[in-house]
Each structure stands twice: as C-alpha cells, then as structure tokens.
Amino acid sequence: MTGAPVGLLIGGDRITSTGHTHEHIFPATGLPNATVAMAGAADVDRAVDAARAAQREWMAQTVDMRRDRLIDLADAVHQHLDELATLNVQDYAVPISFAGTAHMLEGFLRHFAGYADKIAGSSTPVSGSFDVNLVEREPYGVVGVIAPWNGALAVAGSCVAPALAAGNAVIFKPSELAPLAALRFGELCLEAGLPPGLVNILPAGAEGGDALVRHPGIRKVHFTGGGTTARAVIRAAAENLTPVVAELGGKSGNIIFDDADLDRAAMLSAHQGPLMQSGQSCACASRLLVHASVYDTFVEKFLAVLDSAPAGDPFDPLVRFGPVISESALTRILDTVDLAVSAGAGELLTGGKRMGGPLAQGFYIEPTVFADVDNSSPLAQTETFGPVVSISRFTDDDQAVRTANDTRYGLNAFVHTRDLRRAHRVSRALESGSVWINSTSRISPQGPYGGYKQSGFGRTGGWEGLLEFLQTKTIRIGLD
Ligand code: NAD
C-alpha cells in the first residue's frame, strides 16, 4: 500500500478526502500501487463552480494570449515526456516501448494551439433584406470529458486540447483504473499558467461519471469508452438534453489480399492485433480476413511475429507485450476463449491461457489466435478487448468487404495490398470511420477520427474535432 491518497484536482487544489477511494492495482504484478480519491457529486459541483469562473477568465484573454498559454502547456508536456510516459506505464502497465501517448498529447496541444487564434465566423447574405447577418462560433462553457482507462493522455490531447482552444473549461474524468498520468497533466496545466479551474481532473467510477453527465452546468459531454457505458451516459445526458459525442469500441477487419507484402502484413497485423496494448485498444485489428491462396503462409508468418515478442516487465524497454488491465478482465477474456473453444467457433492455434512463471501474479494472457473462425460467432462479433484475434479466409474482394462490414462496429479497417486501384475500391466500400492501407492506425492531430455504426458519432482531430467544442450563434443587424 502506498501512503496518503492521491487527490483530485479542482481549481488549484488537490482534494484527498472525498469519502471514497479506489485501490489502484498495478496489472503487471497484481499488487496495490496507490490509493486514489474518487470524485462524487459534491466534487462535481465544486469543479463546475471552479470551471465556470476559470472559463470567464480564459475568455477574457485575447486569442493570441490563449494560443500562447496552450503552446506553454505543450512545452511543459514536452519537458515532462519521460515522467508522463512512466505514469502511463504505472496506470495500466502498457509496455514503455509502446507508451507514446505523451508524445501524442504534445502533438495535439501544438496542433490545437494553432487553431486558438484562427476560429473565425462568417457573414452571410439574407433573403429579402440588406441586413448584416453574422455567424459566430462560441465555446459551450464547461464541458465534461470522460476517458477510458487505456487512453487518458490520448484523450487529453484529442479532446481537452481542442476544448481549451475553442475557449471552454474542462472537467476531465479519467477512469478509476488509470488516473495517474491524467492528474499529472492537470498539474502541468497549472504550471503552464492556465487559470486554476480551467482543467479539473476528477478520477471516478460510474457514480462520479454519472454525476458529471447529469450536472446542469455541463454543457457538452465528450465520452470515450464502451457501448454499454455510452448508452447509460446518453440516457443520463438526456435529462438536461446535454449533447454527447461518443467515441466507442471496434471489431476491426484486417484484410490481407493475395498480392500483399506478406512479411510486412504479418508484422503490422501482429502489432496492430494481440500485441497492441495486449489487444486492449479500440483500434485493435481483431478480425483477420486472409485470401485463401496465401492463408497458410500468412498465418505461419503472423504466429512467428507473435512468438518473437517478449512479454514481461512493462518498464523494460525491450518488452513488447504486457498484461491486461485487471483480474476481472482476465477472467472475462479467458471465459470468452473457453466459450469459443467449446462452441467450436474456430481452431485454437495458439494461446488461450494465463501466463505462468515469473508473470503468474500479473494479469498476463498469452497472445491467442483462432483460425477458420465463423464470422457470425460471438468470437468474431464481440469486442474482446484482450490479446485474442480470429482469422478467416476469403476467395474474392466482394466476400472480403462483405465479411469486414458484417459487424455492428465501424471504427477502423485495415487493408494490405500492392494494388492501388483495389485499395481505393475496397476503402470506399468499407463501413468504417478510418481505413488504413498497408499501415497501422497512426492517429494524427489533423484527424478526423471516429466511428461509423455502433462505434460512435462525432470526430476527434483537426477542424472537425474542434467543431465538437464550438456552438454557432447568428447575429442579425437590422439595416432596413
Ligand atoms: P468503459 O465504458 O467501461 O468506461 C469508460 C469511462 O466511462 C471510464 O472513465 C468509466 O469510469 C466511465 N463510466 C463508467 N460508467 C459510467 C457512467 N454511468 N456514467 C459516466 N461515466 C461512466 O470503457 P473502458 O473499459 O474504460 O475502456 C474500454 C472501451 O473504450 C473499449 O470499448 C474501447 O474500444 C473504447 N475506446 C474507444 C476509443 C475511441 O477513440 N473510439 C479509444 C479508447 C477506448
């Protein structure tokens, strides 16, 4: 157990006593790592008050002053990249070799700082009159940003940065499972000279999250997480008709055509699949669709890449494969595997067990691959959020696209081919917010990124991501 509770950040204050705490467990060892104070309804009230005052102060600054403060924040993040990366590893035991989200945060801050002094409205003509009609873009005021445990710093970049650039104050709720890097980000906001209260960090679980969504002072909610939680968030937000952006999960198809560079496709597919945060990423390519003529060769190469990825201490820079987030996630994932085996959903080629030896106390699951999986099986249809992938074969392009689209999700799709015409044709036919050709999911601040179908609505990144945090006002000046 590790000392006094880690506190919330409201205004410029750390609040350590909220009446609720969460024991943060380090997934690589299964041992307690920190006690974290959890926000409740009273803390949300206090944070909304602090945020309202700070937002007025923020908007009293000129656009160039706000731009410069955001650049200062990006500089502060830059100076603390190693510290943030370390906290990211402590949060959820993502291997440090993979913990690039601190860089991502810096990149998004620099990108959106550039927008802060360029948010322009327009003027339009009006029918039947010579009046002046101005269209202005304004911030919402105080917005709530809810992050999943696997992406607090990424969400700080893709959502908090544009929210601030647009002139809002933010109440940022990281998951109770991974609050440490987010809290340090909140401190850096203060150190960079942002008004206290402009960014408040409230680690909480469902109860605190629900209080945040229901608060009448929250004018917009940006939610990233799973579909089941999203439904609860949208229902709660409906009480005050608060608008919600939803960035949700995926079950991404990864199509390997017969003309693909198979070595490269195998390497990218492994790193985008079971090796990507142990499959715990919304972008995980969890359904591989491989042309029948290269199926055996591809599968052999794919398994070889998985075999060569060292598992172990996430702080070791050579380690590529870490644990899953919790004991309960481990149980859920292994249950999914057992069910798939007993239902004959496919042939288990490798994995399917908890790792033993020196890793036995952590929540490690072997990279798990099922071959010849029926796409209608729960294994192929449900987001496992663990190092489990399914492979099935196809014989023509139409079948590949049909199978890739045969899911309720639509976040990412991956295509491996050397044929440019096929790449374009297939990309257009895929029902997915992003299509990555001969590539992994390299999300950039310029965006846009977001889902089709049940993978959500709204976008992060670029102008579209900024618009999520702006509302439009029309001002008509009568001249007639
Ligand atoms: P989750 O849905 O369990 O939780 C997400 C967040 O919502 C957490 O902060 C949680 O504490 C909070 N929450 C829980 N109940 C709530 C309630 N009733 N009201 C308000 N907030 C509540 O998801 P998770 O396990 O943290 O993250 C994994 C999910 O996130 C996966 O489905 C993954 O695909 C998705 N994800 C999506 C993206 C994206 O950009 N589309 C990025 C990362 C993760």
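The following dialogue takes up salt bridges, a buried lysine, the ligand shell and two buried serines in a predicted model.

Me: How many salt bridges does the model contain, and what decides the count?

Reply: A salt bridge is called when a side-chain nitrogen of Lys or Arg lies within 4 Å of a carboxyl oxygen of Asp or Glu. By this rule there are 26 salt bridges in the predicted structure.

Me: Where does the salt bridge between Asp-49 and Arg-52 lie, and how far apart are the two residues in sequence?

Reply: A useful first step is to place both partners on the secondary structure. Asp-49 and Arg-52 both belong to helix H1 (residues 41-59), where they are 3 residues apart, so about one helical turn separates them. Their side chains meet with an N to O distance of 3.7 Å. As for accessibility, Asp-49 is partly exposed at a relative accessible area of 48%, and Arg-52 is also partly exposed, at 33%.

Me: Which elements hold the partners Arg-67 and Asp-117?

Reply: Here the reading begins with the pair itself. Arg-67 and Asp-117 form a salt bridge whose closest N and O atoms are 2.7 Å apart. This pair links distant parts of the chain, 50 residues apart: Arg-67 sits in helix H2 (residues 63-79), while Asp-117 sits in the loop between helix H4 (101-116) and strand S5 (122-124). Arg-67 is partly exposed, with a relative accessible area of 22%; Asp-117 is partly exposed as well, at 26%.

Me: What separates Asp-210 from Arg-214 along helix H7?

Reply: The spacing within the helix is again the point to read. In helix H7 (residues 206-214) Asp-210 and Arg-214 are 4 residues apart, and therefore about one helical turn lies between them. The salt bridge joining their side chains has an N to O distance of 2.8 Å. Asp-210 is partly exposed, at 29% relative accessible area, and Arg-214 is partly exposed at 31%. Elsewhere, salt bridges with shared partners bring Arg-14, Glu-83, Arg-184, Glu-187 and Glu-191 into one network.

Me: Is Lys-173 buried or exposed, and what is the nearest side chain of opposite charge?

Reply: For a charged residue, one should consider burial and partners together. Lys-173 belongs to strand S8 (residues 169-173). Lys-173 is buried and yet has no salt bridge, the nearest side chain of opposite charge being that of Glu-176, 4.7 Å away. A salt bridge requires a distance within 4 Å.

Me: What, then, lies around the side chain of Lys-173?

Reply: A polar atom of the Lys-173 side chain lies 2.6 Å from the backbone oxygen of Ala-204. Apart from residues up to four places away in sequence, Lys-173 touches several residues, including Val-145, Ile-146, Leu-202, Gly-208 and Leu-212.

Me: Which residues come nearest to the ligand?

Reply: The shell is read first as a list of residues, then by its polar atoms. There are 27 residues around the ligand, and those that come nearest are Ala-147, Gly-226, Thr-229, Leu-248 and Glu-383. An N or O atom in the Thr-229 side chain is 2.6 Å from an oxygen atom of the ligand. For the side chain of Glu-176, the corresponding distance to a ligand oxygen is 3.3 Å. A nitrogen atom of the ligand lies 2.7 Å from a backbone N or O atom of Leu-248.

Me: How much of the ligand does the protein cover?

Reply: On its own the ligand has 850 Å² of accessible area, of which the protein covers 85%. Two or more residues of the shell come from each of H7, strand S10 (220-224) and helix H8 (227-238). H7 gives the largest share, 3 residues.

Me: Where is Ser-129, and which residues does Ser-129 touch?

Reply: A residue in a loop may be read through its contacts. Ser-129 is in the loop between S5 and strand S6 (132-139). Ser-129 has a relative accessible area of 13%, so it counts as buried. Beyond its neighbours up to four places away, Ser-129 touches Arg-476 and Asp-480. The side chain of Ser-129 makes a polar contact of 3.4 Å with that of Arg-476, and one of 2.8 Å with that of Asp-480. Ser-129 and Leu-479 are 350 residues apart in sequence, but their C-alpha atoms are 8.3 Å apart in space.

Me: In which loop is Ser-286, and what are its contacts?

Reply: Ser-286 lies in the loop between helix H9 (262-272) and strand S13 (287-291). At 8% relative accessibility, Ser-286 is buried. Its contacts, leaving aside neighbours within four places in sequence, are Lys-251, Ser-252, Val-388, Val-389 and Ser-390.

Methods: Residues are numbered from 1 along each chain as its sequence is written. This is a predicted model: local features need pLDDT of at least 70, side-chain atom pairs count only at pLDDT 80 or more; totals for chains, interfaces and linings use all residues. Side-chain values use heavy atoms; hydrogens and water are left out. Buried means under 20% relative accessible area, exposed over 50%, partly exposed in between (1.4 Å probe, protein chains only). Lys and Arg count as positive and Asp and Glu as negative; His and the chain ends are not counted. A polar contact is a pair of N or O atoms within 3.5 Å; within protein, one must be able to donate a hydrogen and the other to accept it, and residues adjacent in sequence count only if both atoms are side-chain atoms. Contact means heavy atoms within 4.5 Å. A residue is near a molecule or strand if one of its heavy atoms lies within 4 Å of it. Accessible areas come from the Shrake-Rupley method with a 1.4 Å probe; for residues, only the protein chains shown count as cover.
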